[in-house]
Amino acid sequence: MDIKFTDSFLWGAAISSYQCEGGNFNADWCTWEKKEGLEEALLACDHYNLFNNDFELAKKINLNSLRISIEWSRICPDQYTFLEEEIDHYLRVIDSLIKNNLKPVVTLHHFTNPIWFADKGGWSDHKNIDYFIIYLRKITEALKDKVDTWLIFNEPLVYIYNGYIHGIWPPGEKSIKLAVKALNNIIKAYMIGYKEIKTIYKDTFVIPKISLTKNIRVFSGCDKGNFGLNSFAAFIRSNCFNFWLFNYLNKKKCLDFIGLNFYCKEYTKFKFPLGSECKNQHHKERQNGLDWFISPQGFYDVLIKLKKYKLPVIVMENGTSESDESYYEEYLIKHLKSLAQAINDGVDVVGYFWWSLLDNFEWDQGRKGRFGLIEVDYNTMKRKIRPFANTYGKICIQNRLSVK
Ligand code: BGC
């Protein structure tokens, strides 16, 4: 059976500023890398200078949209400064996307904060929400004539979990109390930001579409040997991490679409208080280059669960990092089939973005993660389109897929 996608279907790829641009030395992640002795992002993919070239490649692959993020710390290196020349840089970035027929989707916060913001207590202090809103206003004003689709935050719960509970990302806290405060403030900032963006567009003819992205996994207990405690932990994780934020924001009527990031299935083991991931066990699913359990069926199941929101769904990230090239294509095709099947079964999916356009800096994993449609040689910064990207490009242009 052939599934035809809508004519306006967004076929894209996603990137984020800190992971690609390079030179983001005013971000809290930069301080963190040094403090923890981690691999440093430094020039990353030098996308700050090579963006034109990268967008031409995206066009060559046949994408019609690209998700980028704005680096707050680049625009506001200190609390009192807005660097107009950096805003102009992003205007040039957006113009280049448009010139290459790539519809821009813009994320305002993708895990990084300015150092001065972090020094003031970051997200755990409610007084700091205003700083983010001032930045949000400034960027929306500047880009409103060229952008209509916004993501205020990328994966707030991943950010909170890694930064405030697990302590492996900045600010490196391990405190449920701070985590709750920070999450609360991020949710408040989201809701204020949502209204602000709507207000800013009031004097235009455009109705902006605003959301955030949420990483959703399928969880399962990693073995049955401990009186069902692992399954219990999987249940807890699923409830804490999966749908409640969408439920809440949807009830508050401040979600215009669902921004889904889906990668894998997680096997969970019991550990106080929130369980933990278990990677070193054999399960029926294949593990990718980062040991993630690959589950196209899980992707389908999650998409079906999103039907209840009665909102359009955009898959804002889906992708893999592999040590064997052939698995990229297998992952792509299997996940696109799940997507097509879900559309056929009534889910209103209006876009799909591969993570990522380029190999890039994978946070605490450094340059180990290789998610790109385009391979990057970090010594020369040369780009090379991976073979599976051409397969993706063919599907984008055909705008249909056979699911059998
Ligand atoms: C994040 C990206 C990250 C990707 C792969 C997503 O959760 O938004 O920044 O690179 O996962 O780990």
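Glu375 has its bridge partner in β14, and that partner is Lys384. The two strands involved, β13 (residues 374–377) and β14 (residues 382–385), run antiparallel and pair over four bridges. Keep in mind that this is a predicted model. Beyond the hairpin, there are aromatic pairs, two arginines sitting over tyrosine rings and a ligand site to look at.

**The β13–β14 hairpin**
- Four residues lie between the strands of this hairpin.
- Met381 is the one to click on here, as its phi is positive, near 65°.

**Aromatic pairs**
- Searching the whole structure turns up 37 aromatic pairs.
- Take Trp123 and Phe153: their ring centres are 5.5 Å apart and the planes sit at 75°, so this pair is edge-to-face, the cut-off being over 60 degrees.
- That pair ties together distant parts of the chain, with Trp123 in the loop between α6 (115–119) and α7 (129–143) and Phe153 in strand β5 (residues 149–154), 30 residues apart.
- Trp123 has 1% relative accessibility, so it counts as buried.
- Phe153 also comes out as buried, with its relative accessibility at 1%.
- Tyr331 and Trp354 make another edge-to-face pair, because their planes are at 90°, with the ring centres 5.7 Å apart.
- Here too the pair links distant parts of the chain: Tyr331 belongs to helix α13 (residues 326–344) and Trp354 to strand β12 (residues 349–355), 23 residues apart.
- Tyr331 and Trp354 are both buried.
- Back at Trp123 and Phe153, ring pairs join them into a cluster with Trp72, Trp116, Phe117, Tyr131, Phe132 and Tyr135.

**Arginines over rings**
- Arg74 puts its charged end over the ring of Tyr48, 3.9 Å from the ring centre.
- Over the face of Tyr378 you'll find Arg367, at 5.3 Å from the centre of the ring.

**The ligand site**
- The ligand is surrounded by 13 residues, and the closest are Gln19, Asn154, Glu155, Glu317 and Glu362.
- Gln19 brings a side-chain N or O atom to 2.8 Å from a ligand oxygen.
- For Asn154, a side-chain N or O atom is likewise 2.8 Å from an oxygen atom of the ligand.
- His110 has a polar side-chain atom 2.9 Å from a ligand oxygen.
- On its own the ligand would expose 310 Å², and the protein buries 93% of that.

How values were computed. Residues numbered from 1 in each chain as written. Predicted model: local features only at pLDDT ≥ 70, side-chain atom pairs only at ≥ 80, totals over all residues. Heavy atoms only, no water. Phe/Tyr/Trp six-rings, centres within 6.5 Å; stacked < 30°, edge-to-face > 60°. Buried < 20%, exposed > 50% of the residue type's maximum accessible area, 1.4 Å probe, protein only. Lys NZ or Arg CZ within 6 Å of the ring centre and 35° of its normal. Pairing = 2+ DSSP bridges. Near = heavy atom within 4 Å. Polar contact = N/O pair within 3.5 Å; in protein donor to acceptor, adjacent residues only side chain to side chain. Areas by Shrake-Rupley, 256 points an atom, 1.4 Å probe, with all protein chains shown as cover.
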